[in-house]
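Dear colleague,

Please find below the structure that I am passing on to you, together with its sequence. My notes on what was found in it follow directly after.

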Amino acid sequence: MCGIVGAVGHDQCGAVLLDALKRLEYRGYDSSGIVTLHGGKIDLRRAVGKLVHLEATLAARRLDGNVGIGHTRWATHGGVSEDNAHPHVAANRVSIVHNGIIENHRTIRKRLELAGYEFASDTDSEVLAHLFLEAFDAGLDAVRATKSILAEIEGAYAFAILATDYPNQLIVARNASPLAVGIGDEACYIGSDALALAHLTRKVIYLKDDDFALVSADNVAIYQSDGSPANRETVIVAASPGIVDKGGYRHFMEKEIHEQPDAIAHSLAAMTDNKGQLTATMQVDDLRAITGIVMLAAGTSHYATQVARYWIETLAKVPVVCEVASEYRYRNPVASAFSTAVAISQSGESLDTLMALRHASSCGLHTIGLINVPGSTIARESDFVLPTRAGPEIGVASTKAFTAQLTVLLSFAVALGKAKGTIDTERAAQIHSQIQSLPGLVGRALSLFDTIRPIAHSLSQARSALYLGRGTLYPLALEGALKLKELSYIHAEGFASGEMKHGPIALIEEGLPIVALLAADEIMAKASNNLREAAARGGQIILITEERGVNEVDFVNTVITVPNVDPLLAPILLAVPAQILAYLTAVEKGTDVDQPRNLAKSVTVE
Ligand code: F6R
């Protein structure tokens, strides 16, 4: 992951780069650093931990200079320490920031060490600094040096180089990791995404894979990896709301849970035409051409695909498989069985999902990106985009993006079913009107905080928990368990409740908390039998269900109810109390809710 930034031509370089890093902290928060060139000399500040520590370092010793680069790190190679924090500096002449992984760094490092280059960190990234030093020592200019280094390194990268030999420019390059160049009035900037530069400029050039560029205050010269010049379009990105604040909530996650009625309403609006008809903003012929779908995603987004499979197969009779993106890409899948790949990603930057999408595309599949961040790499590379309009999601744990994804996926299933003739206009309109009631229903579910607080208090004492669901609520059980473990560090597993008797039921002992998700659907009686079996063995059931589900499960004491809802919509509505439970349990445990340990918001390494 990691976030990189750079500026050239701006007098307040240190301050501007710190601001830009604040917008990228979602990409990692193990350490951070900024380097500038001042009076021909490299000046470096780094700090371990969150950006506030770097901010304090800069307040104590400010950084001058009008060219600089900065970094916020999610550790991959080498532990969390100041030595491993970026920027890395070689011989006080070359400094680098890097996002990605240089896969052949060991071989390169060995070669450079034999040649006398001294390393100061355990990172893969530091080889870049010494490679540039070596190339400059050999008399190569910036273009020839970069070209030869790109030919040697393997892996994913976006990097920026600041060198005393080229005091008025930055050298930048990318392959598979995102990189945007911002064009200001008297300065140019670089950032891992355009959001990082939103306080500086809206004019942005996105480099393509294997591009590199020499960026100076008044010029951006772009090259392909063979050294031939390239032209890349300058785009105007949408105005950003600036650094998003917590709006009076204690955590971004709490705020984002509360933003779900809006996120759902805006995402639904994006799926309808100006007559209010659900069209998925695709032509009917494009929808009709879809004969089989492979869904590609990671983490919470992957669980959204698993819910969608039920909807699409039921409503549109189109076969769907859901693939964990990191597995799909590398197991030579028989892609030809499907016409279409749908990549689902909040960030639009998850490298696993991007690589899976590219693989599907190279196998001849049409691609659809279901993306929350406009202009992100997956959005740009997909044939069609179905946007979620959840707005910036800052808390590391996905909440409003998940329910927005589900809303768009259900709307897509309806539009597809209509185009295919598997549901008639009347049924489509009926489901559409149900979906339109979601913002209101979710709004009512938000009043559950006080009900859930004491339940979260006792859950916070547990060492382990199970989540159970059937049908569309099975993926929701997986998602609920993920939320609990990533936020409160309590071990949690999700299971299909019908599968318990085939093995996992052995885990149940007296007092084990079991979060059970239950909807009033055709499988309800069987699902409640499964819960009875778990309760009979000492499981403490925490039931999350609709009001009418309560009578079905009279053997349970702890019940969280949401308003009655059409079974199709149940996974969206029941997601809300599951999120609140995980959130409040983490608050009880005092963990870092918005930035849990070892995680980052946007995962741009494979
Ligand atoms: C968990 C969570 C992650 C993401 C996953 C994919 O709460 O947020 O599991 O869902 O890293 O991220 P995107 O959707 O940005 O591709």
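Helix H11, made up of residues 351-362, lies across S15, strand S17 (340-345) and strand S18 (366-371). Relative to S15, helix H11 runs at about 155 degrees. Please bear in mind that this is a predicted model. A further helix, H13 (residues 400-420), lies across S15, S17, S18 and S19, and its direction makes an angle of about 140 degrees with S18.

The strands that these helices cross belong to an open sheet of five strands, whose order is S16-S15-S17-S18-S19 and whose pairing is parallel. Strand S16 (320-324) and S19 are found at the edges; each has a single partner strand, and therefore one side of each has no neighbour in the sheet. On average, and with direction ignored, neighbouring strands of this sheet are turned by 20 degrees against each other. Between strand S15 (residues 293-297) and S16, the parallel pairing extends over five bridges. Within this part of the sheet, isoleucine 293 stands opposite valine 320 in S16.

I turn next to the largest pocket. Its volume is about 1100 Å³, and 48 residues line it, with Leu195, Asn372, Val373, Pro374 and Pro392 the closest to its centre. At least two lining residues each come from helix H6 (252-258), helix H7 (260-269), helix H12 (377-381) and strand S19 (384-387). Strand S19 thus appears twice in this account: at an edge of the sheet and in the lining of the largest pocket. Sorted by class, the lining of this pocket comprises 24 nonpolar, 12 polar and 12 charged residues.

How many cavities of 30 Å³ or more does the structure hold? There are three. The largest cavity contains about 60 Å³ of space. Its lining consists of 13 residues, and those nearest its centre are Cys2, Arg73, Thr76, His86 and Ser125. Strand S4 (67-73) and strand S6 (94-102) are the elements that give two or more residues to this lining. By class, three of the lining residues are nonpolar, eight are polar and two are charged.

The second largest cavity has a volume of about 40 Å³. Which residues line the second largest cavity? They are Arg470, Leu473, Leu517, Leu518, Ala519, Asp521, Ile523 and Ala527. This lining divides into six nonpolar and two charged residues, with no polar ones.

Yours sincerely

Terms used
Residues are numbered from 1 along each chain as its sequence is written. This is a predicted model: local features need pLDDT of at least 70, side-chain atom pairs count only at pLDDT 80 or more; totals for chains, interfaces and linings use all residues. Side-chain values use heavy atoms; hydrogens and water are left out. On a 1 Å grid over the protein atoms alone, a cavity is a set of points where a 1.4 Å probe fits but cannot get out, and a pocket is an open set with protein on both sides within 12 Å along at least five of seven lines; lining residues have an atom within 4 Å of a point. Grid points are joined across faces, edges and corners, and a volume is the space filled by probe spheres set on the points. Helices (H or I, at least four residues) and strands (E, at least two) are DSSP runs, numbered from the N terminus. Ala, Val, Leu, Ile, Met, Phe, Trp, Tyr, Cys and Pro count as nonpolar, Asp, Glu, Lys and Arg as charged, and the others, Gly among them, as polar. Two strands pair if DSSP finds at least two bridges between them. Axes are lines fitted to C-alpha atoms, for helices over the stretch in contact, and angles run from 0 to 180 degrees between N-to-C directions. Contact means heavy atoms within 4.5 Å.
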